[in-house]
Amino acid sequence: MSKDVPRDVAKDVPRDVAKDVPRDVAKRAGSATAPDDSRGYGFELPLLLFGGFRSIIDELHAELARRGHPDMRPAHGFALQAIGPDGATATQAGRRLGISKQAAGKTIERLEELGYVRRSGDDADRRRKVVRVTPRGQEALGLSAMIFDDIRARWASALDPGRLAALETDLRAMVPSETFRLDVPGWFGS
C-alpha cells in the first residue's frame, strides 16, 4: 500500500490501484465513494464500460478483416448505419453522425473507394447526390451483426447468461432513451 494514500481511504482502494494514487486524489475519491462500496473509484465505471466497448469493437474488426473486410474501420460502421437502408446525402449523414458535411463527405468518399457505398442522383432532385449502401456494404453489415452475436454469446458463456442479461437490463435502465445515437465520432471531437 502506498504511504501517500491515507489509511482510512486505503482500505477501500484495490492494492494495484492504491500504489499509484496520489493522496489528494485518494481523499476526493474516498469521500465520493459509499462506505459499503470497496470495489473502486467512480472514474473506473466509464473506463470499464469504454474498455468493454473497445474490446468488442476491436474483436469485431479483427474478425471482419479475416472475413474479407480488412479496410473496415469503426467510423465506417457508424457511417453505414447513418446512411441507412434508404440512403442519405452527405449532409444528412453528417447530421446523423454529429460531424460536418465535409467530414461526412470524406468518410463517404473512402467508403466509395472501398466499394461499400455508391453515390447516385436523386430521382426527385438531380442536383442532390444520394449515397446508398452497396451489396458489399450490406455484406459487411450482415457479417457485423453475426459477429456481434458471436461475441455476445462468448461474453454470456464467460460471465453467465443471467449475469450478462442483468447487466444489459441495468444498462438499458441507466442509458437515456436515445440509446443508439450515432454521433459518437462527433462526441469524441473528430
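Is R119 buried, exposed or partly exposed? Select it and see: R119 is partly exposed, because its relative accessible area of 36% falls between the 20% and 50% cut-offs. Keep in mind throughout that this is a predicted model.

**Stop 1: R119 and its partner**

With R119 still selected, add E112. Their side chains meet in a salt bridge, at 3.0 Å from N to O. E112 is partly exposed as well, with a relative accessible area of 32%. While you're on salt bridges, note that E63, R66 and R67 are joined into one network by bridges that share partners. We'll get back to that trio shortly.

**Stop 2: zoom out**

Now show the chain as a cartoon. It has 10 helices and two strands. Walking from the N terminus, you pass the elements in the order α-α-α-α-α-α-α-β-β-α-α-α. The chain has 190 residues, and buried ones make up 32% of them. Switch on a surface and you're looking at about 12,600 Å² of exposed area, 55% of it supplied by carbon and sulfur atoms. If you like contact maps, count the contacts with a separation of 6 or more: 49% of them are between residues 24 or more positions apart.

**Stop 3: colour by confidence**

Colour by pLDDT next. The chain averages 81, and 73% of its residues reach 70 or more. Where does confidence peak, and where does it bottom out? The highest mean is 97, in helix 8 (residues 135–159), and the lowest is 42, in helix 1 (residues 7–10). Select residues 1–35 in one go: pLDDT is below 50 over this stretch, which still has 36 contacts in the model beyond near neighbours in sequence. Where pLDDT is low, the predicted coordinates should not be read in detail.

**Stop 4: along helix 4**

Hide the rest and select helix 4, residues 44–66. There's plenty to click on here.

Start with R54 and D58, whose side chains meet in a salt bridge of 2.9 Å, N to O. Both sit in helix 4, four residues apart, about one turn of the helix. D58 is partly exposed at 39% relative accessible area, and so is R54, at 45%.

Then move on to E63 and R66. Their side chains form another salt bridge, 2.8 Å from N to O. How many residues apart are they? Three, so about one helical turn of helix 4 separates E63 and R66. R66 counts as exposed because its relative accessibility, 60%, is over the 50% cut-off. Add R67 to the selection and you have the network mentioned earlier, held together by salt bridges with shared partners. The whole structure holds seven salt bridges.

**Stop 5: the rings**

Show the aromatic side chains as sticks. There are two aromatic pairs to find. One is Y41 with F43: the centres are 5.4 Å apart and the planes are at 20°, so the pair counts as stacked, being under the 30 degree cut-off. Its two members differ in cover: Y41 is buried, at 6% relative accessible area, whereas F43 is partly exposed, at 44%.

Now look at F50 and F53. Here the ring centres are 6.2 Å apart and the planes make an angle of 35°, so this pair is tilted. F50 and F53 put you back on helix 4, where they lie three residues apart, about one turn of the helix. F50 is partly exposed at 39% relative accessibility, and F53 is partly exposed at 38%.

**Stop 6: the nonpolar patch**

For the last stop, turn the surface back on and select L45, L49, L167, L171, M174 and V175. Together they form a nonpolar patch on the surface, with about 540 Å² of accessible area. Which helices each supply at least two of its residues? Helix 4 (44–66) and helix 9 (161–174) do. Helix 9 gives the most, with three residues.

Finish on M174, which is found in helix 9. Check its exposure while you're there: M174 counts as exposed because its relative accessibility of 68% is over 50%.

Note on methods. Residues numbered from 1 in each chain as written. Predicted model: local features only at pLDDT ≥ 70, side-chain atom pairs only at ≥ 80, totals over all residues. Heavy atoms only, no water. Patch = residues over 30% accessible without salt bridge, like charges linked within 9 Å, V, L, I, M, F, W, Y side chains within 5 Å. Areas by Shrake-Rupley, 256 points an atom, 1.4 Å probe, with all protein chains shown as cover. Salt bridge = Lys/Arg side-chain N within 4 Å of Asp/Glu carboxyl O. Buried < 20%, exposed > 50% of the residue type's maximum accessible area, 1.4 Å probe, protein only. pLDDT = per-residue confidence, 0-100. Contact = heavy atoms within 4.5 Å. Phe/Tyr/Trp six-rings, centres within 6.5 Å; stacked < 30°, edge-to-face > 60°.
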